[in-house]
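Let's take a walk through this protein together, beginning with the whole chain and then stopping at a few places worth a closer look. Keep the viewer open as you read.

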Amino acid sequence: MYSDVYCLTPLSNNNGPPPRSIQRIPPFHQAPALLPVFLHHGGWRQGQGPRAATAAGARACLSTASLDRAKSAEDRSRVLQTFAEVRACAVLRTPTSEACPKAMQACIDGGFEIVEFTLTTPDCLTHLSDFRSRYDGRVMVGCGTIMNVGDAERAIDAGAEFIITPVMLPDVIQWCAARNIVIAPGCQTPTEMVAAYRHGAPLQKLFPGVAGGPAWVKAVSSALPFLSINPTSGVDLDNAADYLAAGAASVGLVAPLFDPAAIARGDWDQIARNAEKVMANVRTAGPYVRK
């Protein structure tokens, strides 16, 4: 009995996206999800048959399952499928530790099923771990403002199911990709998004917001259809569905959902109402077809 192990077929040049097909290392077959392994690990080159894969490439594929903090291909697929079905993530950043769980609970009460705790929030990982334990299997919990591999390690140890970075960090992307951990790195240009995709990021976070909003997303996703863009800054309670209709894979809600004034006065009911409004808006777009 063999495990399913696949490798990316490298590009023959640098002028386009990675190919949408993959080659197999015999006798593996019918892999449920893509396991990214990069050319520097010794994978085969374009034009060579699968049997030309080097021993180093095969070892890199086979050793991925034994990496620290590695997830299964099925878990990676589950996380991506949840993003595709739910299509909206609540991104919380509060100035105090006390406000954090109350605000997050309010948005979950309002209907959010994907939530992100950010490391700029005091006691972020403690709250993340608590919510993961409380809602495991019902609400998907991730961690944002990850700036290095150490941050990612601590987030995964706390229970994060996905990783978000504010900027495009190749080392963090590759660390996650090698372990089947879903990552959405922050990018502001099409060039950055393609680079993130090539490094192994299945989702590309559009941050900060760009002029044109949904029109920008439509133009870029039409020209580069292999991308799965996740806008955050610039998305509000009323235009979330517009971004999704324009081609965004999912959206992130920050201040429009977690109104700073409402948090300051402890108006958790307002946060819940915001969540109900935006999720009703998002549901009109329907599910996303994964790429």
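**A guided walk through the model**

At 28% relative accessibility, Arg 69 counts as partly exposed, because buried would require a value under 20% and exposed one over 50%. Arg 69 is found in the loop between helix H1 (55–63) and H2. Its phi is near 65°, a positive value in a residue that is not glycine. For background, most residues other than glycine have a negative phi. Please keep in mind that this is a predicted model.

Now step back to the whole chain. The protein has 11 helices and 10 strands, and 52% of its 291 residues count as buried. The accessible surface comes to about 12700 Å², with 53% of that belonging to carbon and sulfur atoms. How far apart in sequence are the residues that touch? Taking contacts between residues at least 6 apart in sequence, 61% join residues at least 24 apart.

Follow the chain on from Arg 69 to helix H2, which covers residues 73–86. Its 14 residues reach 20 Å from the first C-alpha to the last, close to the 20 Å expected at 1.5 Å a residue. Is H2 mostly covered or mostly open? H2 is mostly covered, with 10 of its 14 residues buried. Among them are Ala 73, Arg 76, Val 79, Leu 80 and Phe 83. Asp 75, Ser 77 and Thr 82 are buried as well. An α-helix has 3.6 residues a turn, so residues three or four places apart point the same way.

What covers the buried residues of H2? The cover includes strand E3 (88–92), strand E4 (114–118), strand E5 (140–144) and helix H11 (268–283). Just after H2 comes Arg 87, with a positive phi of about 70°.

Strand E4 deserves a stop of its own, and Thr 118 is the residue to pick there. At 0% relative accessibility, Thr 118 counts as buried, because the cut-off is under 20%. Which residues does Thr 118 touch, leaving aside those up to four places away in sequence? They are Val 91, Leu 92, Arg 93, Cys 124, Gly 144 and Thr 145.

Next, look inside for empty space. The structure holds two cavities of 30 Å³ or more, and the largest has a volume of about 60 Å³. Phe 83, which we met as a buried residue of H2, is part of the lining of this largest cavity. Other lining residues include Cys 89, Val 91, Glu 116, Ile 164, Lys 205, Asn 230 and Gly 252. Val 91 is also one of the residues that Thr 118 touches. By class, the lining has six nonpolar, four polar and two charged residues.

Two loops round off the tour. Asn 180 sits in the loop between helix H6 (170–178) and strand E7 (183–187). Asn 180 has a positive phi of about 60°, although it is not a glycine. Is Asn 180 buried or exposed? At 6% relative accessibility, Asn 180 counts as buried, because that value is under 20%.

The other loop runs between strand E8 (204–206) and helix H8 (214–223), and Pro 208 lies in it. Here a cis peptide bond joins Phe 207 and Pro 208, with omega about -10°. As a general rule, most peptide bonds are trans.

Notes. Residues are numbered from 1 along each chain as its sequence is written. This is a predicted model: local features need pLDDT of at least 70, side-chain atom pairs count only at pLDDT 80 or more; totals for chains, interfaces and linings use all residues. Side-chain values use heavy atoms; hydrogens and water are left out. Helices (H or I, at least four residues) and strands (E, at least two) are DSSP runs, numbered from the N terminus. Buried means under 20% relative accessible area, exposed over 50%, partly exposed in between (1.4 Å probe, protein chains only). Contact means heavy atoms within 4.5 Å. Accessible areas come from the Shrake-Rupley method with a 1.4 Å probe; for residues, only the protein chains shown count as cover. On a 1 Å grid over the protein atoms alone, a cavity is a set of points where a 1.4 Å probe fits but cannot get out, and a pocket is an open set with protein on both sides within 12 Å along at least five of seven lines; lining residues have an atom within 4 Å of a point. Grid points are joined across faces, edges and corners, and a volume is the space filled by probe spheres set on the points. Ala, Val, Leu, Ile, Met, Phe, Trp, Tyr, Cys and Pro count as nonpolar, Asp, Glu, Lys and Arg as charged, and the others, Gly among them, as polar. The expected span of a helix is 1.5 Å times one less than its number of residues.
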